[in-house]
Amino acid sequence: MSGRFSEETMTVAMQNMATALDVSPEGAQLLQLTNNAVFALPRPGIVVRIARTHQLLDRVTKVVRLGRWFAEIDAPTIRLAPDVEQPIEFGGLVASVWEYIPPQPPALTAENLGTVLRELHALGVPPFPLPVWDPIEDARRRLADADGLSKPAREFLVDWCDRLEPEVTALNERGPQTLIHGDAHVGNLLRESSGRTVMCDFDATCVGPWQVDLAAVAVGGTRFGGARRHRSLTIAYGFDVTSDPSWTVLREARELKMIVAAVPLLATSPNVAAEFANRLHSVQRNDPTARWMPFADLAVPPSSDR
């Protein structure tokens, strides 16, 4: 990856943003370095999420607006940092700022996820426009800003987008649209000091078929070996997404997201590049049972797009 989105560049941006907020960046922790550079600043109690591609900057404005609405209706979600004019900007980079919730036991589970998703899906849609679920457009935008991607890999991914797009469109048109998180897995859960479980990371939040939010854990159960999580989610939510008539489309859309998520790291992490190739080849071989390794285990900070 070029220096414009490197860890060093993101760290400098975070430090300057902290200065603008009149807080100290001392003790900052890099939590994630994929589509966003996510820094926890435990001392002032905030999290800074910096968009790491110029193709997705509009998402920052969206998540800030969502964060304000979530606070108004007391949704089961993390809260924006109070008294901060958002989004914030430095050197052409844009970020949102959130309250910091330190990790605490017990570990969160797929059962917690199922319960929170039922609450989220019952909220209705917000009183302002949100994008419609469109994993194809998301993938294309990420590919447009990709360094280190070979021509054959790019051509395969573009062809995959072209083939899957009409199926996604048809699925969107078949059923009622509801608020969906868009990247619903246990890694996007936090536990407040009160014990309440809340969701974070709203980059992919949109309106679409509610089944989308059950697909991540189901796909993870096959690719990473977590079938027990899928069973727990199914029981807690009350529905098995793999029995849905649209399961094949939902699975492919999720796997496309999980493969394209590696694109920002291909030029800087040989381990991630190798796992990207493994995932891509398993799809090219039409092998839905091939095991994948989470990117978070490959010497990179934890990722929401495992």
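I began with a single pairing in the sheet, and I noted that the bridge partner of V38 in strand β3 is R49. Before going further I wrote down that this is a predicted model, so that every entry below is read as computed from that model.

**Entry: the strands around β2**

I followed V38 outward to its strand and found that β2, residues 36–41, pairs with β3, residues 46–51, in the antiparallel sense over six bridges. The two strands form a hairpin with four residues between them, and there G45 takes a positive phi near 75°.

On its other pairing, β2 runs antiparallel to strand β1, residues 29–33, and four bridges join the two. In this pair I found L30 standing opposite F39 of β2, and I noted that β1 and β2 also form a hairpin, this one with two residues between the strands.

I then asked which residues of β2 point one way and which the other. N36, V38 and A40 lie on one side, while A37, F39 and L41 point the other way, and all are buried. I set beside this the general rule that in a regular strand the side chains alternate between the two faces of the sheet. Because six of the six residues of β2 are buried, I recorded the strand as largely enclosed by the rest of the structure.

T34 caught my attention next, since this residue is found in the loop between β1 and β2. Its relative accessibility is 5%, so T34 counts as buried. I also looked up its distance to R52, which is 18 residues away along the chain, and the C-alpha atoms of the two are separated by 7.4 Å.

**Entry: the chain as a whole**

Stepping back, I counted nine helices and nine strands in the protein chain. How does the radius of gyration compare with that of a compact globule of 306 residues? Such a globule would have a value near 19 Å, and the chain has 19 Å, so the two agree. The C-alpha trace spans about 50 × 45 × 35 Å along its principal axes.

Of the 306 residues, 53% are buried. Among contacts with a separation of 6 or more, 71% are between residues 24 or more positions apart. The accessible surface comes to about 13300 Å², and carbon and sulfur atoms account for 52% of that area.

**Entry: two helices**

In helix α4, residues 135–144, I listed P135, I136, A139, R141, R142 and L143 as buried. What covers these buried residues includes α2 (58–73), α5 (151–174) and α8 (247–260).

In helix α9, residues 270–284, I stopped at R279. Is this arginine, R279, buried or exposed? R279 counts as buried, because its relative accessibility is 0%. I then looked for what its side chain reaches, and found the backbone oxygen of M258 at 2.9 Å and the backbone oxygen of M293, also at 2.9 Å.

**Entry: cysteines**

I searched the whole structure for disulfides and found zero. For C161 the nearest cysteine sulfur is that of C206, 16 Å away, and a disulfide would need the two sulfur atoms within 2.5 Å. C161 is buried, with a relative accessible area of 0%, and C206 is buried as well, at 4%.

**Entry: backbone geometry**

My last look was at the backbone, with the general rule in mind that most residues other than glycine have a negative phi and that most peptide bonds are trans.

A cis peptide bond joins Q86 and P87, with omega about -5°, and P87 lies in the loop between α2 and β4 (88–90). Another cis peptide bond joins P105 and P106, where omega is about -5°; P106 is found in the loop between β5 (93–99) and α3 (110–121).

D74, in the loop between α2 and β4, has a phi near 55°, a positive value in a residue other than glycine. With 49% relative accessibility, D74 counts as partly exposed. N286, in the segment after α9, has a positive phi of about 55° although this residue is not a glycine. I closed the entry with its relative accessibility of 67%, by which N286 counts as exposed.

Key
Residues are numbered from 1 along each chain as its sequence is written. This is a predicted model: local features need pLDDT of at least 70, side-chain atom pairs count only at pLDDT 80 or more; totals for chains, interfaces and linings use all residues. Side-chain values use heavy atoms; hydrogens and water are left out. Buried means under 20% relative accessible area, exposed over 50%, partly exposed in between (1.4 Å probe, protein chains only). Two strands pair if DSSP finds at least two bridges between them. The radius of gyration is taken over C-alpha atoms; the globule rule is 2.2 Å times the number of residues to the power 0.38. Contact means heavy atoms within 4.5 Å. Accessible areas come from the Shrake-Rupley method with a 1.4 Å probe; for residues, only the protein chains shown count as cover. A polar contact is a pair of N or O atoms within 3.5 Å; within protein, one must be able to donate a hydrogen and the other to accept it, and residues adjacent in sequence count only if both atoms are side-chain atoms.
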